[in-house]
Structure formats: C-alpha cells, structure tokens
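Me: Please examine one part of this structure closely, namely a pocket and the helices that line it. I would value a connected account that I can follow at the bench.

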Amino acid sequence: MSGLELALSGFGVMLVGIFLRIPIGAAMFAAGFLGTWAVLGRPSATLSQMKTLTYDTFSSYSLTIVPLFLLMGQFATKSGMSAALFSAASDWLGHRKGGVAMAAVGACAGFGAVCGSSLATASTMGQVALPEMRKRGYSDALSTGVLAAGGTLGILIPPSIILVIYAILTEQNIVKMFIGALIPGLLAALGYMLTVAIYVRVKPGSGPVAERKPIKARFRTLLRIWPVVMIFVLVMGGIAADWNWFKPGVQALFTPTEGAAVGAIATGLYGVATRSLDWAGFKASIFEAAQSSAMIFFIIFGAQVFNSFLAFTQAPQAMAEWVSVQGFAPMTVLIAMLLCYLIFGCVMDSLSMILLTIPIFFPIIESLDFGMGAEQTAIWFGILALIVVEVGLITPPVGMNLFIINQVGKDIPITQTYRGVLPFVASDLVRVVILVMFPALSLWLVGVMY
C-alpha cells in the first residue's frame, strides 16, 4: 500500500471514530498511532516516538498563552462584563428597528475582545441577551440566529485561541496574525448588523423598536464598559504597539504570552474591585480554564500524533507535488480548500479542523504563487481559514454554536434557530468572497505597523 493510500485509510479511520462519538482527540490519536505502526512495521518504534513527541509538543513556550487567555475569558464571564456590554449597546441602538439584535452583535464583538473563544462568547451572551430580546418581542428565529452568529466573533476578534494555534503550527508571528484579523473581525460585526437591518425590513414583526434612552443615560452606560476597552487596549496595545520610537521596528511592551498574563490579571482585579468575582467564582474560573486547557491540549496532542503519521507517509508533500503538476490556478486550489472547511464544519469543531487540515493544506498553499510574499500569504490564508471555520460553527445541521444557543433557550425549536441563522451564513459567505478578492483587507494594517 502506498503512502497516500495509507494516509487516506488513516483519515477514514479517524472519521469513523468521530461518527461513533469517540472524542476527537482520541480519534486522531488512535488513527495516527495505528497508521504510524503500519508505516514503520513494528510497535516499538511507534511507542518510542510517543515519548519524544509528547515532550516536543508541550515544551513549546508559546502554548502557555492558551490557558492564560482562557482564564482571562473566565474572569470576564464571572465579572459581569457581558451584561455591561449588552446593556450599553442596547441603550445606544435599541431605539432603532432591530436595534437590540444589533446591540447583541456589538456586545459579542466587545466580549470576544477579552474572551478569545467562540463557544464561551455564544454561551455567555446568550444567557444575557436572549431573555431580554424575547421580552422585547423579538422573534425566536432572529434572537437565536443573531446570537449564534455573534458568538463566532469570539474567535475572530483578537485575541483568538484559534489564531494562536494556527500561528504556532505555521511558525508565524502571533502578533501579526492578531493585527491581520482586526479589520476582518470588524467587517464581520458590521456585516451582521447590516444583515439584521435587512432581516427586520423583510420581516417587520421580528424586531420591534425599543424605547429611546435619554442621551445622558446613554453616556452613563458607557462608564460601565470602560474596563473592557482598557483591558483590550492594554493587551493589544502592549503586544502590538511601538513603545520605543528611537529603535527600528516595533518595540512591544510585552510578548503575547506576557500580554495574556497581564490581561488575565487585569480582568481578575476588575472582578475583585467590583465585588462581582468572589472566592467561589475565582475557583470556578481556575477549574473551568484548566478543564478547557486540558481538552485543547489533548486535541493538540492527538493532532500531532496524526500529523506525524502523515509526515511518515509523505502524503502532504505528494499532494503538493500533484497540485503543482496538474497546473491548477492558485485561486482554484484555495477555493477548493475553503469548501472543504465548510464541509468539515458540519461534523468537527473549529480547533480540530485547524489542527487536522493545516499540516496538509499549508504546504500546498506555500507552493503556490498568489503574487505576494510567503509571510503575507500565510497571514491571508490563516484569516480566510479562520473565517470559513467560523461559518462552520453556525452552519446547519451540526454547527456547534447553534446547539449552544439552543441549550440557553431550551423551549425554542432548533428549526427556528436554523431558519434565523441562514441570513448570517450568507453574510459570512459574502465576506469570504470579499476577503479572497481583496487580500489587502487582511494585510494592510500589518503592513502599516510592520
């Protein structure tokens, strides 16, 4: 059996495991372990490889950023930042047609800036905003659809856990990835708001107008969200801004890992100062961040075992050579990859998709000429992959965010959520087309700052 045939067989074994509801990390580990055994021909070599692979995977200093950003998100959730964000956005936008739904998008974007997780953003904002939207007469379809879509901003608005993992896998600069995602993230939020505006005009009864708040009251609500703004500026400004103009290049105040630590400490101190984070909440945040980190690290390890198996089969290199020989246009190959992400999104979570596909897709992307430098291509492709992964989170029938929101509103039929999210999926697809056609939207800010 050739290396490519072995790789395809291993991929099939992994998918069967996933469909049998085996944890994704375990399915990737089992397929990779058995596949490597088949390639090397003896179990002793495979077991010996496990010893070195474990150390090589988890000795990476860059991975420490993951639990720190997760802890930052837990502190933000327990400290009531989500409620303050939604209240402020609702006071400013609620008097417009569909304004409370637009406020939910804005609050999701703001919370994503201190969270970095899509599922956490969807769950937290769903608990805060869904009861309020239903109380004000918003349709169940629009309420759940906009919150499921808004939750995806948690992995696009920097800082983002998925971007960190992508940068580590492809050996890219984490800060540049964060900067590159900023404009696409803002475009996503604006696109969702525009979708809400169109939705409530097509279906006028789905998003009624709320009472207009006095201007003084609106400005008072802004005082409640200043910690979110300050923490975002502190973290992103500290790792991306130039703090020493007398030296060439960007002289950051601290590294991304240090920035994650500073953000976690600042968010925790805010919770303590406002008495919204007690000892029980602090312990719960630590345990939940640890559990999420363990899950992510197990998936990372399983993916590394599977990717090591692929390396032994030489399948990624063979595929890259095959694509090169066939003479496909680079854009054709890119579109095919993005379509694969849309399909995978129906059965896999975002982290697993990135870990599984990047070692296969990235060497092919590196071998193609898109008319830009290697680093620019890597950043652009990473943003595109992240956005299409994000679409997978809200694509019926198995989008993860759809079930998260449906758990919050248990009496709402899932079919209503499916119906409500489709316009936002269309908005995402339009944004993907725009970013494919205009790479400068992802690269311009990086070029300005670096």
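Reply: In what follows, a helix is a DSSP run of H or I of at least four residues, and the helices are numbered from the N terminus. The model is a predicted one.

The pocket serves as the starting point. The largest pocket holds about 820 Å³ of space. Its lining is made up of 34 residues, and those closest to the centre of the pocket are S117, L119, A120, S292 and M295. Seven helices each supply at least two lining residues: α2 (24-40), α4 (65-78), α7 (118-135), α9 (161-170), α14 (279-313), α17 (350-367) and α19 (400-408). Helix α7 gives the largest share of the lining, with seven residues. In terms of class, 19 of the lining residues are nonpolar, twelve are polar and three are charged.

Three of these lining helices, α7, α9 and α17, lead to further details.

Helix α7 contains both E132 and K135, which are three residues apart, about one turn of the helix. Side chains of opposite charge can pair when their charged atoms come close. E132 and K135 form a salt bridge, in which the closest N and O atoms are 3.4 Å apart. The structure as a whole holds eight salt bridges.

Helix α9 has a backbone feature to note in the loop on each side. The loop between α8 (140-151) and α9 contains P159, and a cis peptide bond with omega of about 5 degrees joins P158 to P159. The loop between α9 and α10 contains E171. The phi angle of E171 is near 60 degrees, which is a positive value in a residue other than glycine.

Helix α10 (residues 174-202), which follows that loop, has an axis that comes within 9 Å of the axis of α6 (residues 99-112), and the two cross at roughly 170 degrees. Angles over 145 degrees count as roughly antiparallel, and α6 and α10 are therefore roughly antiparallel to each other. On the α6 side the contact is made by A101, M102, V105, G106 and A109, and on the α10 side by A189, Y192, M193, V196 and A197. Nine of these contact residues are nonpolar, one is polar and none is charged.

Helix α17, another contributor to the pocket lining, pairs with α16 (residues 330-344): the two axes come within 12 Å and cross at roughly 170 degrees. Helices α16 and α17 are therefore also roughly antiparallel to each other. Helix α16 contributes V333, L334, M337, C340, Y341 and F344 to the contact, while α17 contributes M353, T357, I358, F361, I364 and I365. This contact comprises eleven nonpolar residues and one polar residue, with no charged ones.

Conventions
Residues are numbered from 1 along each chain as its sequence is written. This is a predicted model: local features need pLDDT of at least 70, side-chain atom pairs count only at pLDDT 80 or more; totals for chains, interfaces and linings use all residues. Side-chain values use heavy atoms; hydrogens and water are left out. Axes are lines fitted to C-alpha atoms, for helices over the stretch in contact, and angles run from 0 to 180 degrees between N-to-C directions. Angles under 35 degrees count as roughly parallel, over 145 as roughly antiparallel, 65 to 115 as roughly perpendicular and the rest as oblique. Contact means heavy atoms within 4.5 Å. Ala, Val, Leu, Ile, Met, Phe, Trp, Tyr, Cys and Pro count as nonpolar, Asp, Glu, Lys and Arg as charged, and the others, Gly among them, as polar. On a 1 Å grid over the protein atoms alone, a cavity is a set of points where a 1.4 Å probe fits but cannot get out, and a pocket is an open set with protein on both sides within 12 Å along at least five of seven lines; lining residues have an atom within 4 Å of a point. Grid points are joined across faces, edges and corners, and a volume is the space filled by probe spheres set on the points. A salt bridge is a side-chain nitrogen of Lys or Arg within 4 Å of a carboxyl oxygen of Asp or Glu.
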